[in-house]
Every structure is written in C-alpha cells, then in structure tokens.
Amino acid sequence: MEATETPRDLHYEAWIRKGHLLELTPNDLTLRKAPTQSGRPDTAAYRKRNEEQGFSGIAHRGILMERIYPNADREQVTQNLFGDAKQEHWESDPTVVLKRLVTRFASKAFRRPVTSDEVADYQQIGLDLLSENESFIEALRASYSAVLCSPRTLTFVESPGPLDDYAIASRLSYALWTDMPDETLMRLAGEGKLRNTEILASQIDRMLDDPRSKQFINSFTDQWLNLNQIDFTTPDSRQFRTFDPVVQESMLQETRTFVSKLIEEDLGVAHFVDSDFACLNERLLRHYRVADDVEGWKPGRGIQTVSLSPASRRGGLITQGAILKVTADGTTTSPVVRGVFVNERILGVRVPPPPPGVPAVEPDVRGATSIRDQLAKHRADESCNACHRTIDPPGFALESFDPVGVWRDRYGIGGRGAAVDPSGTTADGGTFDGLLSWQQLYVNQPELIARGFAEQFLTYATGAPIRYSDEPAVDRIVSDSKASQYGIRTLIRAALTSDPFLKK
C-alpha cells in the first residue's frame, strides 16, 4: 500500500493461515524506522517524538477482518458436489444416486461428456465401499478423489487432427484463465459452435475482459518474460541501497499492469521496445529517479499509468526493472544475457547455443574493466563473432541500466568504475549511440516484433514450441494483425483462431 496524509479505507483479499498474525509496518528501506520499545508506550507522546526525530510510521483507525469464500459459498459448493440429490434420495437408493453423481462429477472434471465405460471404474470404487457398509459420503468422496487423480482431469486428452469443441473449450480456458471452462464455453461446445471463427473470437474477447484473465497475465508473463525467476538473485544491499522487497513487488506489478494495458487497449507491439507512457507507483518513481520525467502521477493510487517526456529512458517493456533484474545476476550485468533475452523474447530472433568448449565471459565485479572490453577479446574469435553480432547490440544498449534497473553512466560501486559504452551496430548494419537510438531502430520494425510475440504466445497457449510446419500459420497471424498496427489483443485473437491452436 502507499500511505498518504489523507485517511482512506483500503480493501485486500488474502489467504491467512490459522495462528498467523497480521503486521502493519513501513517496510521501505529508504525510510528511517523508529526503534522498538518494550511495554505499552503513551501513544500521543510516542508518535510526537517519532515525528520530531524524522521516523516514519503508519496511523490507522483499525482493521476489520472478514472470512470470505472467494470461489464459491457453502451453498454453491454443496450444489457442485451433490447437484439436486438430497439425503433422502441416497438413503433410499444409494447405488443409483452414486452412479449418477459420479457421472456428473466426471463430466465436469474431464471437461466433456463421459461414456458409461469411462466412469465405470470410478463408480465401482464407491460401490465397493458401500458394499462394505461405509457411509454414502465416504463412498462418494473416494470416487470423486479417483476422478480428480485421473489423467483425463490432469492433462488434455486430445486426438491428432482438428480438435473437437470440448477440446477447444479446455485449451481456450486454460490459456486465458488458467482454469476450467465455464458454463458458457461448455454450452457452446455442446452446441458445436466453437469452431465458428466469429463465435470463437467473441469468446476470446469476453474472456480477456473477464477479471479471471488476471491469472493469464501472471502466468504468461512468468513464462514469457521469466518473471517467475525474479527471486533467483538477491542484490547486494550495500551496493544497491534503494532496492528492497517493496521495489521488487512493484516491478512485477509494473510489468503486468503494462502488459494488461497493451491487451486491453489493443496497443501495438512496438510498445515492447518504446512507449510514451509507463506504469509506476511512488516507490518506483524514487527508485528509478524519474519524478521529473512523468506527468499525471497521483499520490496514494499505487501502480498507475503516467505520461513520459520525449527524452525519458523509461519507455517500453525492455526498460522495466523486472526485466532488467531477471537478466542480471544481482551484482553485475552482461550484454550477452540481456542480448539473448531481448532477441529471443522480444525480437523473435533465435540464438543458437554456444559452441562447446567456449568459456563464459564473467564481468569484472569491481567495475574496473568494462564488460565491453572483455567481449571485444571474446568476439575476436570468428566462430564467436558470428553469433555475437546478433546477441550483443541490444545488450550493449541496456548496459546503461544496473542489475536493479537504475540508470548509470559508469560501472562499479558509486559509479567509480569504467564508463558505460551503450553504442553499437546491429546485425543488419544499423548504428546506435545508446538506448534511445537503439529503440528507434526497432520501433520501426513492428512486424519483426509481432512475429516474435505470436510465436511466444502460441508456445504458451499450446504447450508446444513452434515447428517449421507452423510457419505459414504464424505468417497469417502477423498479416491479420497488420491493420491494427500489430495490436497485442488482435495478435492473441488471431493466434487462438489459428490452426496451430485448433489442431493437435
């Protein structure tokens, strides 16, 4: 949360374990914290003393905690498990009721109608317990547990060739919601309408507009941009004094909010490289030191969209802290690591693995020797230079950012090391003297970026890498999105209505 001078009510949903406590405390490492005090201090005097000495604190009127059922209330859970079956029904004829309920439950779990042969074994588990005088509830629980452990529940069971409507419903739902199909999708699948391109496209838009698509944003950015590796390194707090858990969480929110905005407004893929807006909160403004570069920021509103000045270095996806952190090791940066990431994840350029026996280039942690000088020796080998001509340019452009995403002009602690040289020449001969000029080279190549995004998204949505036979379909996806300036939402819609997604 962002504390403000004006009192306000804040609402959060969270999972809190029994016996755990809720702590409300400033956790911004850039703020002075009051010393702990045993006993119960005089509140007014204690607060006044802390204010006079410049310590930060949070004043609140109280916390109201309420237990909720975020997915379904008790009545809905009962309906999901028992349908219209009442206790008197299963007491009078437990065998018939158990078979009917297991069939109904399996159809939901398998995400398609089931045959009597498919559910016979699961029914038999419960029937065997009934014959042993176990209660109906225990027998039903055993059958349900077996259904939930079935490969038909845990995996997609798809036949080679064009997918049927139920398989499309499952693929679509897990791609955009990471969850089971809802009643609308299942109804359309039952009516055989999901292979109709117009109906399928309308469902894609409906699902992207649904709050459940937030799970897609989190899951997709975790895998596409490696955000699930943000905890892989811990920056040295002595060297990077403004980085703390608040900054890291804000970085994740920054990137996910930015991608959500691109999808919601169908903005073009060129925004991956540069944009005239950013999604920042007060903590990131201070960490990035860009308060003078933004317009429209309001205190206390958390992550919000702000306008950037034309000369700002914070435009685009590639300049965001989460991206810059997952492509660094917590202490140093490498143009090779960042270059490979930008080429493969943003520009759609596949980088082959290094030849065997070639050692990695390790940056000088003291900053006395620039990584560029070390790479110059490495690139003298023609076998290395063949790939590094493609790999290094975006990495050089991003060398102006340190491992926690702050702009720098020199390496080393306190900027006392070698000067950063962010210039270079791209593989096709374009020259740049730094980040801004590199961005301009690729902002004008949206088709290249669109193709890269289409391949990344299709890989995520289908769970399979793009093959040579998929290339014509990718070409059509990119071509179909040209009219929208290669809008992200249009690309997603085109990918989910393409053959690679609709066929096994």
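Which residue in E3 does Val294 stand opposite? Val294 stands opposite Leu308. Keep that pairing in mind for Exercise 2. The model used throughout is predicted.

**Exercise 1. Take stock of the whole protein.**

Task: State how many helices and strands the protein has, and what share of its residues is buried.

Solution.
Step 1. Count the elements. There are 22 helices and five strands.
Step 2. Look at the extent. The C-alpha trace spans about 85 × 75 × 45 Å along its principal axes.
Step 3. Look at burial. Of the 504 residues, 44% are buried.

**Exercise 2. Work out the order of strands in a sheet.**

Task: Find the strand order of the open three-stranded sheet and name its edge strands.

Solution.
Step 1. Recall how strands join. Strands of a sheet pair through backbone hydrogen bonds, either parallel or antiparallel.
Step 2. Take strand E1 (residues 277-280) and strand E3 (residues 304-308). Four bridges join E1 to E3, and the two run antiparallel.
Step 3. Check residues across this pairing. Ala278 stands opposite Val306 in E3. Phe277 has Ser307 in E3 as its bridge partner.
Step 4. Take E2 and E3. Two bridges join them, again in an antiparallel pairing. Val294 facing Leu308 belongs here.
Step 5. Put the strands in order. The sheet reads E1-E3-E2 and is open. E1 and strand E2 (294-295) are the edges, since each pairs on one side only.

**Exercise 3. Sort the faces of a strand.**

Task: Decide whether the two faces of strand E1 are covered or open.

Solution.
Step 1. Use the general pattern. In a regular strand the side chains alternate between the two faces of the sheet.
Step 2. Apply the pattern to E1. Phe277 and Cys279 lie on one side, Ala278 and Leu280 on the other.
Step 3. Check burial. These four residues are all buried, and both faces of E1 are covered.

**Exercise 4. Classify ring pairs.**

Task: Classify the pairs that Phe453 makes with Trp224 and with Phe272.

Solution.
Step 1. Know what to compare. A pair of aromatic rings is described by the distance of the centres and the angle of the planes.
Step 2. Get the total. The structure holds 20 aromatic pairs.
Step 3. Take Trp224 and Phe453. Their centres are 5.4 Å apart, with 75° between the planes. An angle over 60 degrees counts as edge-to-face, and this pair is edge-to-face.
Step 4. Locate the two rings. Trp224 sits in helix H11 (residues 213-224) and Phe453 in helix H19 (residues 446-462), 229 residues apart. Both Trp224 and Phe453 are buried.
Step 5. Take Phe272 and Phe453. The centres are 5.7 Å apart and the planes stand at 50°, so this pair is tilted.
Step 6. Locate Phe272. Phe272 lies in the loop between helix H12 (245-264) and E1, so its pair with Phe453 ties together parts 181 residues apart in sequence. Phe272 is buried, like Phe453.
Step 7. Join the pairs up. Ring pairs link Phe216, Phe220, Trp224, Phe272, Phe453, Phe457 and Tyr460 into a cluster.

**Exercise 5. Describe a pocket.**

Task: Give the volume of the second largest pocket and say what lines this pocket.

Solution.
Step 1. Start with the volume. The second largest pocket holds about 960 Å³ of space.
Step 2. Count the lining. There are 21 lining residues, and Asn80, Lys108, Met180, Pro181 and Asp182 lie nearest the centre.
Step 3. Trace their origin. Helix H2 (74-82), helix H4 (94-110) and helix H9 (183-190) each supply at least two of them. H4 gives the largest share, five residues.
Step 4. Sort the lining by class. It has 10 nonpolar, five polar and six charged residues.

**Exercise 6. Check cysteines and a loop residue.**

Task: Count the disulfides, then label Cys149, Cys387 and Pro355 by exposure.

Solution.
Step 1. Recall the bond. A disulfide is a covalent bond between the sulfur atoms of two cysteines.
Step 2. Count. There are zero disulfides, taking sulfur atoms within 2.5 Å as the rule.
Step 3. Label Cys149. Its relative accessibility is 59%, so Cys149 counts as exposed.
Step 4. Label Cys387. Its relative accessible area is 25%, so Cys387 is partly exposed.
Step 5. Label Pro355. This residue lies in the loop between helix H15 (335-346) and helix H16 (371-378). At 36% relative accessible area, Pro355 is partly exposed.

Note on methods: Residues numbered from 1 in each chain as written. Predicted model: local features only at pLDDT ≥ 70, side-chain atom pairs only at ≥ 80, totals over all residues. Heavy atoms only, no water. 1 Å grid on protein atoms, 1.4 Å probe; cavity = no way out; pocket = protein on both sides within 12 Å on 5 of 7 lines; lining within 4 Å. Points joined across faces, edges and corners; volume = space filled by probe spheres on them. Nonpolar A, V, L, I, M, F, W, Y, C, P; charged D, E, K, R; others polar. Buried < 20%, exposed > 50% of the residue type's maximum accessible area, 1.4 Å probe, protein only. Pairing = 2+ DSSP bridges. Phe/Tyr/Trp six-rings, centres within 6.5 Å; stacked < 30°, edge-to-face > 60°.
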